[in-house]
Amino acid sequence: MNNPQQPQMNIDFSQTTSEVCELEKCKNNTFQQVYQTRKLSPLLSPTGQETMIPIQVFCCAKCGHINKGFLPKE
């Protein structure tokens, strides 16, 4: 039977590091999921039409800043 749940992982959180907002004045440690969009030229698109590509990233829940490590590589 197909199980849609992800496998359970035993993680020792004492061996992890907390992410915080990179802005010096903020340093908040909570984030929310947001999307950035990229536009693909019709010349490069497999459909031949301009395409909008959503990219999921995390922004600071307090100030809205997106840490560099959360951004896709250009």
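This is a conversation about how some labels in a predicted model follow from its computed values.

Visitor: Let's start with the aromatic residues. How many aromatic pairs turn up in the whole structure?

Guide: A search of the whole structure gives 2 aromatic pairs. A pair of aromatic rings is described by the distance of the centres and the angle of the planes.

Visitor: Why is the pair of Phe-31 and Phe-70 called edge-to-face?

Guide: The ring centres of Phe-31 and Phe-70 are 5.1 Å apart and the planes stand at 90 degrees. Centres within 6.5 Å make a pair, and planes over 60 degrees apart count as edge-to-face, so this pair is edge-to-face. The two rings come from distant parts of the chain: Phe-31 belongs to strand β1 and Phe-70 to the segment after β2, 39 residues apart.

Visitor: Are those two rings buried or exposed, and how do you know?

Guide: Phe-31 has a relative accessible area of 22%, and Phe-70 has 21%. Buried means under 20% and exposed means over 50%, with partly exposed in between. Phe-31 is therefore partly exposed, and Phe-70 is partly exposed as well.

Visitor: What makes Phe-58 and Phe-70 an edge-to-face pair?

Guide: Phe-58 and Phe-70 are 6.0 Å apart, centre to centre, with 65 degrees between the planes. The cut-offs are 6.5 Å for the centres and over 60 degrees for edge-to-face, so the label fits Phe-58 and Phe-70. This pair also links distant parts of the chain, with Phe-58 in strand β2 and Phe-70 in the segment after β2, 12 residues apart. Phe-58 has a relative accessible area of 35%, so it is partly exposed. Together, Phe-31, Phe-58 and Phe-70 form one aromatic cluster.

Visitor: On to Ser-45. Why is Ser-45 called buried?

Guide: Its relative accessible area is 9%, and buried means under 20%, so Ser-45 is buried. Ser-45 sits in the loop between β1 and β2. Leaving aside neighbours within four places in sequence, Ser-45 is in contact with Leu-40 and Thr-51.

Visitor: How do you know that Ser-45 and Thr-51 make a polar contact?

Guide: Their side chains are joined at 3.1 Å. A polar contact needs N or O atoms within 3.5 Å, one able to donate a hydrogen and the other to accept it, so the Ser-45 and Thr-51 side chains qualify. Gln-49 comes into the picture too: its backbone oxygen lies 2.9 Å from a polar side-chain atom of Ser-45, and the side chain of Thr-51 reaches the backbone oxygen of Gln-49 at 3.1 Å.

Visitor: What makes Thr-51 partly exposed?

Guide: Thr-51 has 27% relative accessibility. That value falls between the 20% and 50% limits, so Thr-51 counts as partly exposed. Thr-51 is in strand β2, and beyond its close sequence neighbours its contacts include Arg-38 and Lys-39. The C-alpha atoms of Thr-51 and Arg-38 are 8.3 Å apart, with their positions 13 residues apart in sequence.

Visitor: Why is Gln-33 called exposed?

Guide: Gln-33 has 51% relative accessibility, and exposed means over 50%, so Gln-33 counts as exposed. This residue of strand β1 touches Gln-56, Val-57 and Phe-58, not counting residues up to four places away. The side chains of Gln-33 and Gln-56 make a polar contact of 2.7 Å.

Visitor: And what makes Asn-28 buried?

Guide: The relative accessible area of Asn-28 is 16%, under the 20% limit, so Asn-28 is buried. Asn-28 is in the segment before β1, and its contacts beyond four places in sequence include Glu-19, Cys-21 and Cys-60.

Visitor: What is notable about the phi of Lys-27?

Guide: Lys-27 has a positive phi of about 60 degrees although it is not a glycine. Lys-27 lies in the segment before β1 and has a relative accessible area of 41%, so it is partly exposed.

Visitor: Finally, which residues make the nonpolar surface patch?

Guide: Met-9, Ile-11 and Phe-13 make this patch of about 370 Å². Met-9 is in the segment before β1. At 62% relative accessibility, Met-9 is over the 50% limit and therefore counts as exposed.

Definitions and conventions:
Residues are numbered from 1 along each chain as its sequence is written. This is a predicted model: local features need pLDDT of at least 70, side-chain atom pairs count only at pLDDT 80 or more; totals for chains, interfaces and linings use all residues. Side-chain values use heavy atoms; hydrogens and water are left out. Patches are made of residues with over 30% relative accessible area and no salt bridge: like charges are joined within 9 Å, nonpolar side chains (Val, Leu, Ile, Met, Phe, Trp, Tyr) within 5 Å. Accessible areas come from the Shrake-Rupley method with a 1.4 Å probe; for residues, only the protein chains shown count as cover. A salt bridge is a side-chain nitrogen of Lys or Arg within 4 Å of a carboxyl oxygen of Asp or Glu. Helices (H or I, at least four residues) and strands (E, at least two) are DSSP runs, numbered from the N terminus. Buried means under 20% relative accessible area, exposed over 50%, partly exposed in between (1.4 Å probe, protein chains only). Contact means heavy atoms within 4.5 Å. Rings of Phe, Tyr and Trp (its six-membered ring) pair if their centres lie within 6.5 Å; planes under 30 degrees apart count as stacked, over 60 as edge-to-face and the rest as tilted.
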